[in-house]
Amino acid sequence: MGTMAPPALAAAVARAGGLGTIGMCAPAKLTAAIDRVREEAPDRAVAVNLLMPFANPSHVAVCVRRRIDVAVIAFGGDAALVEHLQAAGIGVFVLAGTEAQARTALDGWGADGLVAQGGEAGGHLAGRTPAHTFLVTALAMAGSRPVVLAGGIADGADTRAAMNAGAAGVVAGTRFLLTHESGAHAAYQQRLLSAERTIATTLFGLSWPSRHRVVPNEATRRWCHPDGTARQLPSIINARSSVLARIGPEDADERAILRLQRPSLPVFTPAAPTKDVPDHWIERSALYGGDSALRIQSVLSAAEALISLSS
């Protein structure tokens, strides 16, 4: 979401030579974010993540009007959306974690490329297959179209391994979450750095009841089974909550949402702790992080993180 991938991070990545990618936020904020990245990195490409459980036509209109370079469609979409974006000169990548998702994106929608996501990725998960195993499948299906790999990317060795296997590039969400420019709370970042494991769960699924990878906290210890799966009560609540996504959570005050959550109550939204919340709120919110967090040692600047991924 936009709170974790703010324009400051996208601009810093773009200036350092990467693809500056803006997370989901309200359309007005998205417009301002695109303009800021264009201003701070005028000769670099700009990308926007369109999380389809929350995206609406206004988000797409902003991308077209501001003529972004790349749109990444995730967890939904259709051929009409891809065609509309391509007609505006926007390259369209689709997140896929299964062979069926990749086939739909490539053959059904005509996507320009894939983000092949492995099951060890942080945040919301499209599949369960390990990244390098799924990369082989995605490359075979994509043919000449580019495939970038997401999941388990912590350093330059991971980047080299992916590109030696045929990937056109990598997506390193957790590595950039652990930067000074990200929107993540410092205590959240420290919890990632000290994590001994991650878990895949559906606990933080009110409005978006899909699997996601997090590091444990008080909420998961109370409401998850040892294997990470959510217990019955939060599972029932979340499974019936997807309609809430259409209310417009990107406009919601995540601080106000998190204020209402408690580790003792089985109601948890996808909101993650931003820099402006109290430290102890990390126990009541989603601490998204991939398995790469177990191999990352420190919080860096975005430019330093990009160098670490390229060296």
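Reader: Starting in the middle of the sheet, how many bridges join S5 to S7?
Author: S5 and S7 are strands in the DSSP sense (helices are H or I runs of at least four residues, strands are E runs of at least two, both numbered from the N terminus). Two strands pair if DSSP finds at least two bridges between them. S5 and S7 run parallel, and the number of bridges joining them is 4.

Reader: Before we go on, what kind of model is this?
Author: Residues are numbered from 1 along each chain as its sequence is written, and side-chain values use heavy atoms, leaving out hydrogens and water. Local features need pLDDT of at least 70, side-chain atom pairs count only at pLDDT 80 or more, and totals for chains, interfaces and linings use all residues; the model is predicted.

Reader: Which residue in S7 is the bridge partner of Val115?
Author: Both faces of S7 are covered, with Val147 and Leu149 buried on one side and Val148 and Ala150 buried on the other. Buried here means under 20% relative accessible area, exposed over 50%, and partly exposed in between (1.4 Å probe, protein chains only). The S7 residue bridged to Val115 is Val148.

Reader: And on the S8 side, what stands opposite Leu149?
Author: S7 and S8 run parallel and are joined by 3 bridges. Together with helix H7 (residues 156-164), S7 and S8 make a right-handed β-α-β unit. Right-handed means that, with the strands pointing away from the viewer, the path from the first strand over the helix to the second runs clockwise. Opposite Leu149, in S8, stands Val170.

Reader: Zooming out, which strands are the edges of the sheet?
Author: The open sheet has 7 strands with parallel pairing, in the order S1-S2-S3-S4-S5-S7-S8. An edge strand pairs on one side only, and that fits strand S1 (20-22) and strand S8 (169-171).

Reader: What angle does the direction of helix H6 make with that of S7?
Author: Neighbouring strands of the sheet are turned by 25° against each other on average, ignoring direction. H6 (residues 131-142) packs on the sheet and touches strand S4 (91-96), strand S5 (113-117) and strand S7 (147-150). Axes are lines fitted to C-alpha atoms, for helices over the stretch in contact, and angles run from 0 to 180 degrees between N-to-C directions. For H6 and S7 that gives about 165°.

Reader: Over at S2 and S3, which residue does Leu50 stand opposite?
Author: S2 (residues 46-51) and S3 (residues 70-74) run parallel and are joined by 5 bridges. Within S3, the residue across from Leu50 is Ile73.

Reader: Which residues have the most contacts inside the largest nonpolar core?
Author: A nonpolar core is a set of buried Ala, Val, Leu, Ile, Met, Phe, Trp, Tyr and Cys residues joined through side-chain atoms within 4.5 Å. The largest one has 69 residues, and the top two for contacts inside it are Ile22 and Leu85.

Reader: Which helix gives the most to this core?
Author: Leaving out residues up to four places away in sequence, Leu85 touches Leu50, Val60, Cys63, Val64, Ala71, Ile73, Ile90 and Val92. A second, separate core of 28 residues includes Val214, Ala219, Cys224 and Tyr288. Back in the largest core, 6 residues come from the top contributor, helix H1.

Reader: Is Thr31 buried or exposed?
Author: Thr31 is found in helix H2 (residues 27-40). Leaving aside neighbours within four places in sequence, Thr31 is in contact (heavy atoms within 4.5 Å) with Val62, Arg65 and Arg66. The relative accessible area of Thr31 is 14%, so Thr31 is buried.

Reader: What type of aromatic pair do Phe54 and Trp208 form?
Author: Rings of Phe, Tyr and Trp (its six-membered ring) pair if their centres lie within 6.5 Å; planes under 30 degrees apart count as stacked, over 60 as edge-to-face and the rest as tilted. That rule gives 3 aromatic pairs. With 5.3 Å centre to centre and 85° between the planes, Phe54 and Trp208 are edge-to-face.

Reader: Which residues are linked into a cluster by ring pairs?
Author: Phe75 and Trp208 have ring centres 5.3 Å apart and planes at 80°, so this pair is edge-to-face too. Phe75 lies in the loop between S3 and helix H4 (79-87) and Trp208 in the loop between S9 and S10, so the pair ties together parts 133 residues apart in sequence. The cluster is Phe54, Phe75 and Trp208.
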